[in-house]
Amino acid sequence: MHLLEAENYKNGLVLRLLCTSFTIKMEGIDTNNLWGDVCENLKLSVSGAIFSTWFTQTHIVSLKKNDKRHFIEIGCPTLYSKATLETRYFGIVQDTLSSFLKTPVDLIFTVKQQNSNGKNLQPVTPLFENSKDHGEDLNRAISQSKLRMTYTFQNFAVSSSNQMAWAAAEAVSKNPGSAYNPLFIWGGVGIGKTHLMSAVGHSVLEKNRNAKVYFCTGEDFTNDIVEGIRNKTTQDFRNKYRKLNLLLIDDIQFIAGKVSVQEEFFHTFNALVYSGSQIILTSDQPPSEIKRLEERLKSRFEAGLIVDIGPPDFELRCAIVGIKAKQKGLTIPSNLIHMIAGNIDTPRKIEGFLIKLLSELTIKKSELNEMLIENLVGKGDDSSPIRIKASANDVVTAVMKYYSLGKKQLMGESRVKRLAQPRQLLMYILRTQLSLPYEEVGRLIGGRDHTTVMHAVDKITQMASNNVQIREDILGIKKLI
Amino acid sequence: MKLRVSRKSFFDALSITSRFTSYKAQLPILGNILLETKNNKLNISATNLEMSVCLAIAAKIESEGKITVPAKTIHDVASNLSGESVDLEVDKEQIFLKCGSFSSKLLGIVASDFPPIPASVSKNALEIPSETFLESLPKVLYCVSSDETRPTLTGVLMILFKDLVSWVATDGFRLSKKDMPMKESSRETKIIIPKGVLSELIRIAKEQKIVLDYKKDEKQIVFQVGEAVLSSRVIEGEFPDFEKIIPQTYKLKLDVDRNELSQAIKLASVFARDAANVVKFIISEKTFKLNAESSQSGDQENSLDVKIESKDSQLFDEKGEFVIAFNCKYVEDYLNCVEGENIEIKFNDVNSPGVFLDTSDEKLLHLIMPVRLQS
């Protein structure tokens, strides 16, 4: 019982701390020392047997000073010793104490077992520590299954774009092998396919730590087969995959076009489905669109449930920023969360952004405020490998097309809102998506000053966090590029 | 002090009280028994500073007084006497004992050094019918730990809640909880009572009522049974939160005949003896086998008739088996203390406690922590 242990350890500690502070505080006298001295003295006055029987487990519970008199409470282990001390040794204890304190002493005996030595710590025995074992076992099972620790249902934010996929995964985790088999999840990059799939694995392991769960990518699977064929250990391969309760394969599209891998997968698939095991697959396309995937596999994938995860909407991104920030130990005020979610479109980029933010905060000791977020967003994500492969002209064309404006209007001097906002948006996209320098953006948009561009980028960054229309416009334009 | 008592009652009282003395104590008087006249009776008392006893027996008293005598000497003398009555006479620190033709002088110690011990219970004490008490306590007492480093486990937790007394004992590997109905009472208390006084109480109590008096401030508990008054310190500290570890649900349930299981466990323990007492329960959808093996003596397997109810097929491994191991000593202890014909055993998984229930006694709950198997 891990918690109990921790809790009580804490209590013990607090108790001990209290005791020490107590001894220091008690009228400026260290009661432990005082009682030790008194006991040494008493040892000389009474016989050894009497001393060890009646005095060894006593201690001073409290000490108060009152007009030149000390009032002392002495704790005894049992009522028997209390009664004996009171009737037979009261005088001698009182005399000894008052000779040490040099004041008259009032004594009171109470039954109080000495527990400052930590003996009162809670028992930690197998029966009471099992929840800890659960955790250890679970962790071992999870690492054996190659699942990512943080990819659980608790950390998965749900909104309309992924609700269907989430519900399907939940259903599968409750009845693995019977609800939807296989479950095929597809969608673009970085939107949570792998997370959802792993979450099913976690949930199954939580319920039954002995369940055989294995997570791999299409590539791992391919490598395993190649290895098996090369070392003539295909039987090992079969033992590994065909006895599982839950097989999770990420990016299954990678096996397309590989004939013998597809054949092996086909047999593994059949064996697992036949034995009632669950299979979950992810891909970036629906099965029907994966090229060079054998028909028999396509049809088998289609026999289960195919769900797609769309790009996350604004609310979901907010939730994701919140969850991920919490995981990293960051507390971000909600207006800043909105700002981040408004400007960054996929969960993976959010992850990257938060890492950047965290390093800004810890290394440069910057303050967490709108300025910092604007700055970081304004820098564009140079680090992201996924870039819009478009020239500045393409972007300009896309913006013109989206708003049905002419180039002259867009680049012109007029500052009516109908024109100014698209112009600012264009600057924002050029800056954040193409990472063009401010000067260059200014030159492209009718030879404007770089400060104008900076203002535009900041303004749109702000608006993106609280204006739905702007967010939709940005998405719409990105689609056109 | 001069008096005459019946030999039999004198000897019976000495047999009980001498168990409360401590021979090992450094202070000689704690190895002594106190004889004291009070209200026309002879009070015989002893204590080891953990617990105490005071027994009153009928006596014909000629003069009052008190003295302590070494428990072992006077007990051994009294056990070998024959004759109807014993005459006792005290002169300072000596006691003269006469019984028929036998006469002796025993050397005692003055009674003033004897620690004061309770000889009566207060008026508002609680009454417990001894029948239910005697039936309940042996079912938990064997689970009490003897490990002094965990003081709270060396006693039995008594929870008094309205009309129910629950007795709980655990040594950290197994736990027993027995509920005992009471007369309606408005009191609510939780006390940890040391094992010693409870097992003595079981020996002394016959067909009488037991009166229980808890002195909270003095951390003492006093019992009165007939003419005997027992007292003990109570253990300070928090009893571990046992409610939390009692499984509320189960995934697998066995229903077995107690005698059959008891016999099978005894057989298995022959082999388990040199293998840390580990006995494996091997359960499939329909069968229940007990398996024990040792590197020195060999192994054994035994199939038992059983009714199995399984709620979760995932519990079984690829061979269709659920294997859980227990210390057979614990199972044996449990089976020895229950009387029902059938035993129900409930499991959740191989590493969480097994719940043992006597189908004829729903007020008794027993948990045993399984032994973890290296896989």
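Visitor: How many residues do chain A and chain B each bring to their contact?
Guide: This is a predicted model, where local features need pLDDT of at least 70, side-chain atom pairs count only at pLDDT 80 or more, and totals for chains, interfaces and linings use all residues. Residues are numbered from 1 along each chain as its sequence is written, while chains are lettered from A and ligands numbered from 1 in the order in which they are written. Residues are in contact if their C-beta atoms, placed from the backbone, lie within 7 Å. Counted that way, the contact takes 36 residues from chain B and 30 residues from chain A.

Visitor: Which helix gives the most to the side of chain A that touches chain B?
Guide: Helices are DSSP runs (H or I, at least four residues; strands are E, at least two), numbered from the N terminus. Those giving two or more residues to this side are H3 (48-54), H4 (79-88) and H6 (130-144) of chain A. With six residues, the one giving the most is H4(A).

Visitor: How are H7(A) and H8(A) oriented to each other?
Guide: Helix H7 (residues 163-174) and helix H8 (residues 193-207) of chain A have axes 9 Å apart, at an angle of about 25°. Axes are lines fitted to C-alpha atoms over the stretch in contact, with angles from 0 to 180 degrees between N-to-C directions. Under 35 degrees counts as roughly parallel, over 145 as roughly antiparallel, 65 to 115 as roughly perpendicular and the rest as oblique. H7(A) and H8(A) are therefore roughly parallel.

Visitor: And what about H17(A) and H22(A)?
Guide: Here helix H17 (residues 392-403) and helix H22 (residues 468-480) of chain A cross at roughly 125°, their axes coming within 9 Å. From H17(A), A:Ala398, A:Val399, A:Lys401 and A:Tyr402 meet A:Gly476, A:Ile477 and A:Leu480 of H22(A). The angle tells us that these two helices are therefore oblique.

Visitor: Which residues touch the most other members of the largest nonpolar core?
Guide: A nonpolar core joins buried Ala, Val, Leu, Ile, Met, Phe, Trp, Tyr and Cys residues through C-beta atoms within 7 Å. Buried means 20 or more other C-beta atoms within 10 Å of a residue's own (exposed: 12 or fewer; partly exposed: in between), with C-beta atoms placed from the backbone. Of the 123 residues in this core, the ones you want are B:Ile33, B:Val156, B:Ala268, B:Val279 and B:Phe326.

Visitor: How many residues are in the second, separate core?
Guide: In soluble globular proteins, nonpolar side chains tend to be buried together. This second core includes A:Ile185, A:Val213, A:Leu244 and A:Phe265, and its residues number 62.

How values were computed
Two residues are in contact if their C-beta atoms, placed from the backbone, lie within 7 Å.
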